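Here's a quick briefing to read with the model open beside you. Take a look at the overall fold before turning to the annotated sites.

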Amino acid sequence: NPDKVLKGKKFLITAGPTQEAIDPVRYVSNHSSGKMGISLAEKAAQKGAEVILILGPTALKPRPHPNIKTISVLSALDMFEATKTHHSEAQVAIFCAAVADYRSETPSAQKIKKKENALTITLIKNPDIAKTLGASKKQNQIHVGFALETDEGLGSAEKKLVEKNFDFVVLNSLLDPEAGFQKDTNQVTILSKNGEKIKTPVLTKDMLALQLLDRIGSILENQKAS
Ligand code: C5P
C-alpha cells in the first residue's frame, strides 16, 4: 500500500526563497511563497512521515504537526548547512526551495550610502544544494527536484534531472497561466529518470503534493520489493 509506506519515513524538504544580504537593510531574493514545499510537508506528515522542513523567509508556515520540524533559514549558505546536516538520515529529499543563484560577494556591514550615479554590486554564485547532495545520494535515497521555466522547458528539466541526480523532477512552465509562484494551482510535467513524462491536469498545490507523495510511495515500495 503506497500510502502506508510513508509511515515513519524520514523526509527532508527545502522550501521558500532565500535572502541574500547586500547590507543590513537590503537583500536579493525572489517571489517564492514556499506553498508547494509547505504543502508537501503537511501531506507527508499526515501520512506518518517524519519531516524536516528547511524553510526560507516567507510569510507562510506549515500547520503545526508533531511530525514536522521546521528549521528557518535566511540565506542559501544557511540553507545549504542545514540541509547537509540532515541529508544522510533522510530517505526522501525534496528540493522545493527557490534558492537564490547568486549572493553579494562582500555584503556590507554598514548601510550602503546612496551614490550620485549607479551602484555596482558583484554577485557570486551560490552552491547548488540539490546538485551537491545529489552527488552523494545513496542507493536507497530518493531525490525529487523542481524546475521553473518561462518557456516550455522540457530540455532544461531533463538536463536538471540528470545533473542533479533526481529520481524525478517537477517542471512548472510559467508560460502556463495556472502555474507558478504565489498561485494555489499548478499544472506540471513530471519527468522521471526512467524516461517517463507525465503532464498533470491543473491541480491545487495540495492535490499535486498528494500525487507526488504517491509517486514517492511507489518508488519506496519498489525498493522494498527488490
Ligand atoms: O537549476 P535550477 O535552479 O533551475 O534547479 C532547480 C532545482 O534545484 C530545484 O529543485 C531547487 O530547489 C534546486 N536548487 C538547489 N540549490 C540551488 C539552486 C537550485 O537546491 N542553488
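Two strands count as paired here if DSSP finds at least two bridges between them. Keep in mind that this is a predicted model. On that footing, eight strands make up an open sheet with mixed pairing, in the order β5-β4-β1-β6-β9-β10-β12-β13.

**The sheet**
- The edges are β5 (68-72) and β13 (197-199), each of which pairs on one side only.
- From one strand to the next, the twist averages 15°.
- Strands in a sheet pair through backbone hydrogen bonds, and they can do that parallel or antiparallel.
- Strand β1 (residues 10-15) goes with strand β4 (residues 50-55) in the parallel sense, over six bridges.
- If you want a spot to look at in that pair, Phe-11 stands opposite Val-51 in β4.

**Helices against the sheet**
- Helix α2 (residues 76-87) lies across β1, β4, β5 and β6 (92-95), and runs at about 170° to β1.
- Helix α5 (residues 205-225) packs on the sheet too, touching β6, β9, β10 and β12 (188-192).
- The direction of α5 makes about 145° with that of β9.

**The annotated binding site**
- An unreviewed UniProt entry puts the feature "binding site" at Asp-101, Lys-111, Phe-146, Lys-160 and Lys-164.
- These positions span 64 residues of sequence and are spread in space as well, with up to 37.5 Å between C-alpha atoms.
- Phe-146 is in strand β9 (residues 142-149).
- Is Phe-146 buried or exposed? Phe-146 counts as buried, because 23 C-beta neighbours sit inside 10 Å and the cut-off for buried is 20 or more.
- Leaving aside residues up to four places away in sequence, Phe-146 touches Phe-95, Cys-96, Val-169, Val-170 and Asn-172.
- Lys-164 is in the loop between α4 (154-163) and β10 (168-173).
- Lys-164 also counts as buried, because it has 21 C-beta neighbours inside 10 Å.
- With the same residues up to four places away left out, Lys-164 touches Ala-130, Lys-131, Gly-134 and Gly-145.

**A loop to check**
- Val-25 is found in the loop between β2 (20-23) and β3 (26-28).
- Val-25 counts as exposed, because only 10 C-beta neighbours lie inside 10 Å and the cut-off for exposed is 12 or fewer.
- How far apart in space are Val-25 and Ile-112? Their C-alpha atoms are 9.0 Å apart, although the two are 87 residues apart in sequence.

Definitions and conventions:
Residues are numbered from 1 along each chain as its sequence is written. This is a predicted model: local features need pLDDT of at least 70, side-chain atom pairs count only at pLDDT 80 or more; totals for chains, interfaces and linings use all residues. UniProt positions are given in the numbering used here, feature names are shortened, and annotations may be inferred rather than shown by experiment. Helices (H or I, at least four residues) and strands (E, at least two) are DSSP runs, numbered from the N terminus. Two residues are in contact if their C-beta atoms, placed from the backbone, lie within 7 Å. Axes are lines fitted to C-alpha atoms, for helices over the stretch in contact, and angles run from 0 to 180 degrees between N-to-C directions.
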